[in-house]
Amino acid sequence: MHGSPHRVGDVMTRAVVAVGRETLFKDIVERMEQFKVSALPVLEGDGRVIGVVSEADLLPKEEFRDSDPDRVTQLRRLPDLAKAGAVRAEELMSAPAVTVHSDAALAEAARIMALRHVKRLPVVNAEGALEGVVSRGDLLKVFLRPDNDLADEIRRDVVDVLFPAPIEPVHVVVTEGVVTLTGRVGDAARIPLAARLVRGVEGVIGVNCRLTAPDAA
């Protein structure tokens, strides 16, 4: 992975398994098992994402298979009971689909997943057509960036910009994703900004800012 992967398109999986409206229950289960995924986008004929069918959408069929729920449960679990009797993807799917665009920031995708309680997001273009899928695991790929890549980006985009003429050279050391900054700079007010910008570099796990300045002593 070269450079900072700031966008969903940098980490998403492009080879995606999907189903159509008419895909049957058993076929959905078989695809999930075959490709080891917990959810599948449901597509219109033109490739537009219209919903997502997940394991949670399929489980009511087993939960209510041999049960006779009382009236209170029927009212409270009406959507699940409908899915328990469903056969095709269009009856099982959750719609509209929760999606994200490939140019969205990784932090935005992470927030959507957290707020909507989903593990995977279909990635769509401006027309809603499927381009890929991004999972929680994909978002974590940024933490696999080599330490030297992180150090190079921090020197180029943070240190050289904020401190073009330091009193003493600014050293950037990255160990297992943890960044240590040392050196003596001329402007103490820029030190907190440097720490914040370094923390915002994709793949950085922690920051030890040991920069000093004459008026910060």
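**Close-up views of a predicted model**

**View 1. A nonpolar surface patch formed by Leu140, Phe143 and Ile205.** In this predicted model, the three residues Leu140, Phe143 and Ile205 together present about 310 Å² of accessible area in a nonpolar patch on the surface. Ile205 belongs to the loop that runs between helix α10 (190-199) and strand β9 (206-212). With a relative accessibility of 54%, Ile205 counts as exposed, because the threshold for that class is over 50%.

**View 2. The open sheet β1-β2-β3 and helix α2.** Three strands make up this open sheet in the order β1-β2-β3, and their pairing is mixed. The edges are taken by β1 (19-20) and β3 (49-54); each has a single partner strand, so one side of each is left without a neighbour in the sheet. Helix α2 (residues 25-35) packs on the sheet and touches β1, β2 and β3. The direction of α2 makes about 130° with that of β2. Strand β2 (residues 39-43) and β3 run antiparallel and are joined by five bridges. Within this pairing, Pro41 stands opposite Val52 in β3.

**View 3. Salt bridges around Arg88.** The side chain of Arg88 meets that of Glu22 in a salt bridge, with an N to O distance of 3.4 Å. This pair links distant parts of the chain, the two residues being 66 residues apart. Arg88 lies in the loop between α5 (78-84) and α6 (89-92), whereas Glu22 lies in the loop between β1 and α2. Arg88 also meets Glu91 in a salt bridge, here with an N to O distance of 3.3 Å. Both partners in the latter pair are partly exposed: Arg88 has a relative accessible area of 28%, and Glu91 has one of 36%. Side chains of opposite charge can pair when their charged atoms come close.

**View 4. The salt bridge between Lys141 and Asp138, and the salt-bridge network.** Lys141 forms a salt bridge with Asp138, in which the closest N and O atoms are 3.0 Å apart. Lys141 is partly exposed, with a relative accessible area of 30%. Asp138 counts as buried at 6% relative accessibility, because the limit for that class is under 20%. Elsewhere, salt bridges that share partners join Arg21, Glu22, Glu44, Arg48, Arg88, Glu90 and Glu91 into one network. The count of salt bridges comes to twelve.

**View 5. The cis peptide bond from Ala95 to Pro96.** The bond that leads from Ala95 to Pro96 is cis, with omega near -5°. Pro96 is situated in the loop between α6 and β4 (100-101). Most residues other than glycine have a negative phi, and most peptide bonds are trans.

**View 6. Positive phi at Lys36 and Glu176.** Lys36 is not a glycine, yet it has a positive phi of about 55°. This residue, Lys36, occupies a place in the loop between α2 and β2, and Lys36 is exposed, with a relative accessible area of 63%. Glu176 likewise has a positive phi of about 55° although it is not a glycine. Glu176 is found in the loop between β7 (168-175) and β8 (178-184). At 65% relative accessibility, Glu176 counts as exposed.

**View 7. The surroundings of Thr182 in strand β8.** Thr182 has its place in strand β8 and is partly exposed, with a relative accessible area of 29%. Beyond its neighbours within four places in sequence, Thr182 is in contact with Pro169, Val170, His171, Arg210 and Leu211. One of these contacts, Pro169, is 13 residues from Thr182 in sequence, with a C-alpha to C-alpha distance of 8.2 Å.

**View 8. The protein as a whole, for orientation among the close-ups.** The protein has ten helices and nine strands. Of its 217 residues, 42% are buried. Among contacts with a separation of 6 or more, 59% are between residues 24 or more positions apart. The accessible surface comes to about 12400 Å², and 53% of this area belongs to carbon and sulfur atoms.

How values were computed. Residues numbered from 1 in each chain as written. Predicted model: local features only at pLDDT ≥ 70, side-chain atom pairs only at ≥ 80, totals over all residues. Heavy atoms only, no water. Patch = residues over 30% accessible without salt bridge, like charges linked within 9 Å, V, L, I, M, F, W, Y side chains within 5 Å. Areas by Shrake-Rupley, 256 points an atom, 1.4 Å probe, with all protein chains shown as cover. Salt bridge = Lys/Arg side-chain N within 4 Å of Asp/Glu carboxyl O. Helix = DSSP H or I, 4+ residues; strand = E, 2+ residues; numbered from the N terminus. Buried < 20%, exposed > 50% of the residue type's maximum accessible area, 1.4 Å probe, protein only. Pairing = 2+ DSSP bridges. Contact = heavy atoms within 4.5 Å. Axes fitted to C-alpha atoms, helices over the stretch in contact; angles between N-to-C directions.
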